[in-house]
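The following exercises concern the strand pairing, helix packing, cores and backbone geometry of the model shown below. Each task is followed by a worked solution.

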Amino acid sequence: MLKNYQGQARKLAQLLQQAGIVDTRVLQVMESTPRHSFMPESLTHKAYENTALPIGNGQTISQPFIVAKMTELLLAAERPMVNVLEIGTGSGYQTAILAQLVQKVYSVERISSLQYQAKRRMKLLDLHNIQMKHGDGWEGWQSKAPYDGILVTAAASRVPEALLSQLDPAGGRLIIPVGDSQQELKIIERYGDEYRQQTSGGVRFVPLVQGELA
Ligand code: SAH
């Protein structure tokens, strides 16, 4: 385990602030969460750099700036974020950040070995307001809906219908990267049957895979 990571984590939080993250709750949680615990030992020397890193199975732990940005966008909704669904648990890093800022996090991952490791990390960090499911994120998690917020950490070729229908009709908010090689971060809010959409710049994520679970 990396020793004395606090100094590095503090510097990362400062960098995120300089890069435009303004929500102090998000900055605080990014500073106090040990990102090095979410990756293979051999990469921990890079844990507090502002980059995505490989976590096995062809997947990555998202870039800290993107994690902070998506979390900030979610918390900026008009309604309080109580029930939040995450699609693409991966390392569990984004899950852990969310769990410290909202009441309850549900997270879906299609690769069981990643989900297993992420679960272990949540226990080690004493985070107990999280439920995880091995499943296909294109379907969301119907039995726990509606959600105040849904955050997707893999790029979808189009916005999954199931996720739209699982948003709370009174202003539930979905944050999702959409596109193939060129991706945009979309923010979609539901008001009854109406969906209001905004776009927040270009991003780069691994794909939200269609089909069988791994
Ligand atoms: N938030 C994660 C990002 C991991 S990368 C982190 O910071 O570590 C995206 C994750 O989405 C991968 O773990 C990948 O397996 C998962 N994923 C891709 N397609 C999926 C699908 N259809 N359903 C559920 N998870 C999916």
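**Exercise 1.** Determine in which sense strands β6 and β7 pair, and place the pair in its sheet.

*Solution.* Step 1. β6 (residues 149-152) and β7 (residues 170-179) are joined by three bridges and run parallel; strands are DSSP runs of E of at least two residues, helices are runs of H or I of at least four, both numbered from the N terminus, and pairing requires that DSSP find at least two bridges. The model is a predicted one, in which local features need pLDDT of at least 70 and side-chain atom pairs count only at pLDDT 80 or more, whereas totals for chains, interfaces and linings use all residues. Residues are numbered from 1 along each chain as its sequence is written, and side-chain values use heavy atoms, with hydrogens and water left out.

Step 2. Ile-150 has Leu-174 of β7 as its bridge partner, and Leu-151 has Ile-175.

Step 3. On its other pairing, β7 runs antiparallel to β8 over nine bridges. One bridge there links Gly-172 with Arg-190 of β8, and three residues separate the two strands of this hairpin.

Step 4. The whole is an open, mixed sheet of seven strands, ordered β5-β4-β3-β6-β7-β8-β9. Because β5 (130-134) and β9 (194-203) are the edge strands, each with a single partner, one side of each has no neighbour in the sheet.

**Exercise 2.** Which residues of helix α5 are buried, and how are they arranged around the axis?

*Solution.* Step 1. The buried residues of α5 are Leu-114, Gln-115, Ala-118, Arg-121 and Met-122, where buried means under 20% relative accessible area, exposed over 50% and partly exposed in between (1.4 Å probe, protein chains only).

Step 2. These residues span an arc of only 120° around the axis, so they lie on the same side of α5; the arc is taken over the directions from the helix axis to the C-beta atoms.

Step 3. The face turned away from that side carries exposed Tyr-116, Lys-123 and Leu-124.

Step 4. The buried residues pack against β1 (53-56), β2 (59-61), α4 (93-99), β4 and β5, a contact being heavy atoms within 4.5 Å.

**Exercise 3.** Identify the residues that touch the most other members of the largest nonpolar core.

*Solution.* Step 1. This core has 48 residues, and the two in question are Met-30 and Ile-175. A nonpolar core is a set of buried Ala, Val, Leu, Ile, Met, Phe, Trp, Tyr and Cys residues joined through side-chain atoms within 4.5 Å.

Step 2. The largest share, seven residues, is supplied by α3.

Step 3. Leaving aside residues up to four places away in sequence, the contacts of Ile-175 include Met-70, Leu-73, Leu-74, Leu-185 and Ile-187.

Step 4. The strand β7 is itself mostly covered, with nine of its 10 residues buried.

**Exercise 4.** Where does the backbone carry a positive phi outside glycine, and where is a peptide bond cis?

*Solution.* Step 1. Most residues other than glycine have a negative phi, and most peptide bonds are trans.

Step 2. Asn-57, in the loop between β1 and β2, has a phi near 55°. Its relative accessibility is 46%, so Asn-57 counts as partly exposed.

Step 3. Asp-126, in the loop between α5 and β5, has a phi of about 65°. At 57% relative accessibility, Asp-126 counts as exposed.

Step 4. The cis bond runs from Ala-145 to Pro-146, with omega near 5°; Pro-146 belongs to the loop between β5 and β6.
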